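Work through the exercises below with the model open. Each task is followed by a solution in steps.

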Amino acid sequence: MRQNPSETLRRVLPKVRAHEDAHLFTPRVWISCLPRGCDPVEEDAYGKLFLVTQEVLHVAGVEMQLTAAVSFLTILQDESVSVHAYAHSFLQVILLHLEHRDTGVSNAWLETLLSVIEVLPKETLRHEILSPLVSKAQLSQTVQSRLISCKILGKLTNKFDAHTIKREILPLVKSLCQDVEYEVRSCMCRQLENIAQGIGTELTKSVVLPELIELSRDEGSSVRLAAFETLVNLLDIFDTDDRSQTVLPLVKSFCEKSFKADESILISLSFHLGKLCHGLYGILTPDQHLRFLEFYKKLCTLGLQQENGHNDNQIPPQVLEQEKKFASVRKNCAYNLPAMIVFVDPKNFHMELYSTFFCLCHDPEVPVRYTIAICFYEVSKLLNSGVYLIHKELITLLQDESLEVLDALIDHLPEILELMSTGGESVQETKFCSLPDLIPALTAAEQRAAASLKWRTHEKLLLKYSCLPHVISSDQIYYRFLQRMFTIMMTNNVLPVQKAASRTLCIFLRYNRKQEQRHEVIQKLIEQLGQGKSYWNRLRFLDTCEFIIEIFSKSFFCKYFFLPVIELTHDPVANVRMKLCCLLPKVKSTLKIPTDKHLLQQLEMCVRKLLCQEKDKDVLAVVKRTVVELDRMEMSMDAFQKKFYEKDLLDQEKEREELLLLEMEQLEKEKPQNDGRPPNDKIFEKKRRDIKTPSQSLPKNIPISVPGPSSSSPSTSKEIKKSKLIRSQSFNNQAFHAKYGNLEKCASKASAAGYTSSVSGLAKNSVLTLTDDSFRIRNASSTPASFSPAAPLPSTSRGTVGTADPKSSGSKETQPRKATLKSRKSNP
């Protein structure tokens, strides 16, 4: 039976004093159990426990002290004891060990105390902490005591009113700002920011600002640096006069002297330069503005002009250390580049900062290029229509030899490429000329990630490639990227990478504009994965089908993938059958009644066979759970249902997009083949690449049709005719205004999607509207030859429920598969 921690601790208390070596190991276990043992009901046991803990800490070592500091903080955060009890017991122990001789232990107890200050009442803070500070902050105390006092004062400021701060805290602050030790002056200077936020603008101008001015002229470089950083952080508090008459001269003097001082000052200055320029923007004269800009440019190239004749092995240590500091300065400059673009105005980027940006992108140090890769998206957003100026630098970073740089860049790669392709008219004119540079860079980046051991970078890159249909043409994706996704799925040994390639391949297939290519991809998926010799490939086929259910319409999945999926119920490998059983609920969610009644019967037949014939106990357990889940599922109907309205509407949107792709392909075939293009072809090209949809493109007043008795009013029929006429005219003018939606939005709702119509019956002259017949197919029996698959694919039509016998059609489809499975059973 498990014992209460309090009981355990109370039982072992006598053994603590008896065992001579107990202070070496046993108390540490108790102290780590303190947060769990603090039960308010057991006050006696808790009191004894705390007394023993206090005795042990008096002689405890460093490791024990660190454990106690963490435990005391956990007790406070978990509210294991009341604030009053905590202040009465734990607070005294914390204050007692603040000045421990070990710096790490002292800092640990100080962090605990600063957290305790946030929850203690004012009276307790005044009597237990503020009053002792008057003596602790005196010059007669140790430097460690005065440093601790500085940090406590910075925390206490936000807990008292301005009158109390002015009377009791500010005199101590002034005293510590004039301390004889530069460490204390520097520490107190860094707390002035917190104090200024607690006392308000008026007291800041009259008390804090004079102290900062005096500290900025201090003989200690660390004190001057602390004063500079505090001034930069307080720029928003000062008014225009204070900034122009007081702060600006101090900052100018500091910048001028920084190159003659230690490099560590340059590191801090370069880090705060962007914030400084932003705070001073508006009060600088043109000459001062130019001087700050030139100062920034000088920092961006610091250390790059120096050349020496030493080999890497012969460089003196001091030179190496200096180069590291210079590299840190350039890294901070890369971090501040977006702020400096705002400082000079994005319109002036090409004249003022492009050369600096070029140098940072080609910097010899990886941390600098890594930082500029992180900032690349922000720079692209700021440049807006001028984003085409940095296209070459994007190619450079994509081809960078360091995978860290590539990993940082691809975090926002879809957004960057979208800005590159839609960033103004000037971009549209040069976009197609720049693609030959972009595609090789993307393929080289993927191959470099694949050749490395950093599979997470490879996985991330493959997932980000799903944005390519919005950037480059369908043919370019088909010939340059799609086959590569197949290769990764078939040969890569890392499962997350294979799944990422599978998902991206499904997105490429989703936006492919040629039906012949789509059929070829579908056939490869079924033959090489679904019917592959390796069970691993068949598992990946099921993963791909899961993505297809998520991304495509229900009718698309039922037409091409329903039969290949349920045929895997006869797979000789138990893992494949088990994974299929887990997928069956999603497969069933793609069916609609009564249209897909024959498919539902085949699904139920396969499940019954699994229940009766399955011999593997693990698979059988999964089958039984799946049967229960399938029985609880509510079937979606052809007609709109209130409970599935949003799901069905989203599914209709997906199917509508798929039909639009077919129509656009047909229109392209009918377009003249000569080189002379009509003036509106550019608009057409832009629209057809802008595949952006979901429900945003739907009008709010869509007349959704529900099959039933036809009782349409004359006004409704007029609206239908009018919408069809407008749709027809829009196609004749070759200008599509149907935006295609973001795939990530569709993916987030894909599990809830629902559909009504079929792709297989699309007529050559079909017209899509959003009224009664909007998602039905005209002339289902007269499908044009151009839309027929080049090779026979396993497909199921939703329009043949009344004419086809489900059982006979099912046996016809499954016989070839059974033959292949018989041959495979001999060699699984």
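Rings of Phe, Tyr and Trp (its six-membered ring) pair if their centres lie within 6.5 Å; planes under 30 degrees apart count as stacked, over 60 as edge-to-face and the rest as tilted. The model used here is predicted.

**Exercise 1. Aromatic pairs**

Find how many aromatic pairs the rule gives, then classify the pair of phenylalanine 228 and phenylalanine 254.

Solution.
- Step 1. The rule gives 17 aromatic pairs.
- Step 2. In the pair of phenylalanine 228 and phenylalanine 254, the ring centres are 4.4 Å apart and the planes differ by 10 degrees. Planes under 30 degrees apart count as stacked, so this pair is stacked.
- Step 3. Phenylalanine 228 belongs to helix α13 (residues 221–233) and phenylalanine 254 to helix α14 (residues 240–258); the pair links distant parts of the chain, 26 residues apart.
- Step 4. Buried means under 20% relative accessible area. Phenylalanine 228 is buried because its relative accessibility is 3%, and phenylalanine 254 is buried at 13%.

**Exercise 2. A cluster of rings**

Classify the pair of phenylalanine 556 and tyrosine 560, and name the cluster that ring pairs form around these residues.

Solution.
- Step 1. The centres lie 5.0 Å apart, with 55 degrees between the planes, and the pair is tilted.
- Step 2. Phenylalanine 556 and tyrosine 560 are four residues apart in helix α31 (residues 554–560), so about one helical turn separates them.
- Step 3. Phenylalanine 556 has a relative accessible area of 6% and is buried; tyrosine 560, at 5%, is buried.
- Step 4. The cluster linked by ring pairs consists of Phe541, Phe552, Phe556, Phe557, Tyr560 and Phe561.

**Exercise 3. The surroundings of α13**

Which residues of α13 are buried, and what covers the buried residues?

Solution.
- Step 1. Helix α13 has 13 residues and spans 18 Å from its first C-alpha to its last, close to the expected 18 Å.
- Step 2. Its buried residues are Val223, Leu225, Ala226, Ala227, Phe228, Glu229, Thr230, Leu231 and Val232.
- Step 3. The cover over the buried residues of α13 includes α11 (182–199), α12 (201–215), α14 and α15 (263–280).

**Exercise 4. Salt bridges**

How many salt bridges does the whole structure hold, and where do the partners of three of them lie?

Solution.
- Step 1. A search of the whole structure finds 27 salt bridges.
- Step 2. Lysine 205 and aspartate 239 form a salt bridge of 3.1 Å, N to O. Lysine 205 is in helix α12 and aspartate 239 in the loop between α13 and α14, 34 residues apart. Lysine 205 is partly exposed at 30% relative accessibility, and aspartate 239 is partly exposed at 31%.
- Step 3. Glutamate 378 and lysine 381 meet at 3.6 Å, N to O, in a salt bridge. They are three residues apart in helix α21 (residues 366–383), so about one helical turn lies between them.
- Step 4. Between arginine 577 and glutamate 614, the closest N and O atoms of the salt bridge are 2.8 Å apart. Arginine 577 lies in helix α33 (residues 574–588) and glutamate 614 in the loop between α34 (597–613) and α35 (617–632), so the pair ties together parts 37 residues apart in sequence. Both arginine 577 and glutamate 614 are buried.

Note on methods:
Residues are numbered from 1 along each chain as its sequence is written. This is a predicted model: local features need pLDDT of at least 70, side-chain atom pairs count only at pLDDT 80 or more; totals for chains, interfaces and linings use all residues. Side-chain values use heavy atoms; hydrogens and water are left out. Helices (H or I, at least four residues) and strands (E, at least two) are DSSP runs, numbered from the N terminus. Buried means under 20% relative accessible area, exposed over 50%, partly exposed in between (1.4 Å probe, protein chains only). The expected span of a helix is 1.5 Å times one less than its number of residues. Contact means heavy atoms within 4.5 Å. A salt bridge is a side-chain nitrogen of Lys or Arg within 4 Å of a carboxyl oxygen of Asp or Glu.
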